[in-house]
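Here's a quick briefing to read alongside the structure. Have a look at the fold first, then work through the points below.

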Amino acid sequence: LDAYSHISLGLRDNSSSLFHAPQIGFDHAPFDWVGGKMVFSSDIDESLKAKLILVETVLTYFYEKFEAQFENSGIDLVINTEEFFSRQANCKLGLGSSASVCVSLVAAFLAFLQQETAVDLNDVFTLAFRLHRDAQGGVGSGIDIAASTYGGYLEFSPDGNDGCLPSVDSMKEPDELCILPIFTGESAGTVDLVNEVYLFRDEHKEHYDRLLENLRELSAAGVRSFREGDFQ
């Protein structure tokens, strides 16, 4: 899907920083970095601060490297995710905005610290996968991180190729394939949905295992059909 988050990252001439993310309620808000937290100079509602877990997780990872390279310099950070919202429904579209923001932030910081205009996507995926899972309490397969990093059509296996990272392989888009996404009109949180699945697993293990095995078989068959161009 051609929906993108847009990140702007720059240096300031003093140690204070500015954070602008209008889609989640932050309007050029001044902040300082204290003890791994974004401490804002003005009163910020606690419900807004709760939306910063992912941003703080990424900033925590990069802060020491950033401070060592740009001592006593704050940052000007802008996050624009308007493409992930529906104006008609007045809610998020559920396209994986948190994963997109995580990947974009990681790529922006790597490019900034390395002073390069391009970064290695495998490096971005490796780091974004880890930080996104940290921010979500270990929940999630990482397929949304892979989609945000590499784009296109992917074969994704959570089992991975080295016991740590999932394996991700790009697939060529077949000429005859048409995919039609449908929006229900309501957004939902990934962590909440995954926790519901875990609850079902704990209460109905046999049924859960049977459903999961069916999904594995369907997924494998889908990949084979996709690679062979068989849509019958």
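Which strand and which helix each supply at least two residues of the lining of the second largest pocket? They are strand S3 (26-34) and helix H2 (53-69). Keep in mind that this is a predicted model.

**The pocket**
- The second largest pocket holds about 260 Å³ of space.
- Its lining is made up of 16 residues, and those closest to the centre are Ser 17, Trp 33, Tyr 63, Ser 73 and Gly 74.
- H2 gives the largest share of that lining, with five residues.

**The chain as a whole**
- You'll find seven helices and nine strands in the chain.
- Its C-alpha atoms fit in a box of roughly 60 × 40 × 40 Å along the principal axes.
- The chain has 232 residues, and 32% of them count as buried.
- Take the contacts between residues at least 6 apart in sequence: 61% of these join residues at least 24 apart.

**Surface and charge**
- Accessible surface adds up to about 14600 Å², with 50% of it belonging to carbon and sulfur atoms.
- The chain carries 16 positive and 37 negative charges, and the mean positions of the two sets are 4 Å apart.

**A look at Thr 81**
- Thr 81 sits in the loop that runs between strand S5 (75-80) and strand S6 (85-86).
- Thr 81 counts as buried because its relative accessible area is 8%, and the cut-off for buried is under 20%.
- Setting aside neighbours within four places in sequence, Thr 81 makes contact with Ser 5, Gln 23 and Val 101.

Note on methods
Residues numbered from 1 in each chain as written. Predicted model: local features only at pLDDT ≥ 70, side-chain atom pairs only at ≥ 80, totals over all residues. Heavy atoms only, no water. Helix = DSSP H or I, 4+ residues; strand = E, 2+ residues; numbered from the N terminus. Buried < 20%, exposed > 50% of the residue type's maximum accessible area, 1.4 Å probe, protein only. Contact = heavy atoms within 4.5 Å. Areas by Shrake-Rupley, 256 points an atom, 1.4 Å probe, with all protein chains shown as cover. Lys, Arg positive; Asp, Glu negative; His and termini not counted. Charge placed at Lys NZ, Arg CZ, Asp CG, Glu CD. 1 Å grid on protein atoms, 1.4 Å probe; cavity = no way out; pocket = protein on both sides within 12 Å on 5 of 7 lines; lining within 4 Å. Points joined across faces, edges and corners; volume = space filled by probe spheres on them.
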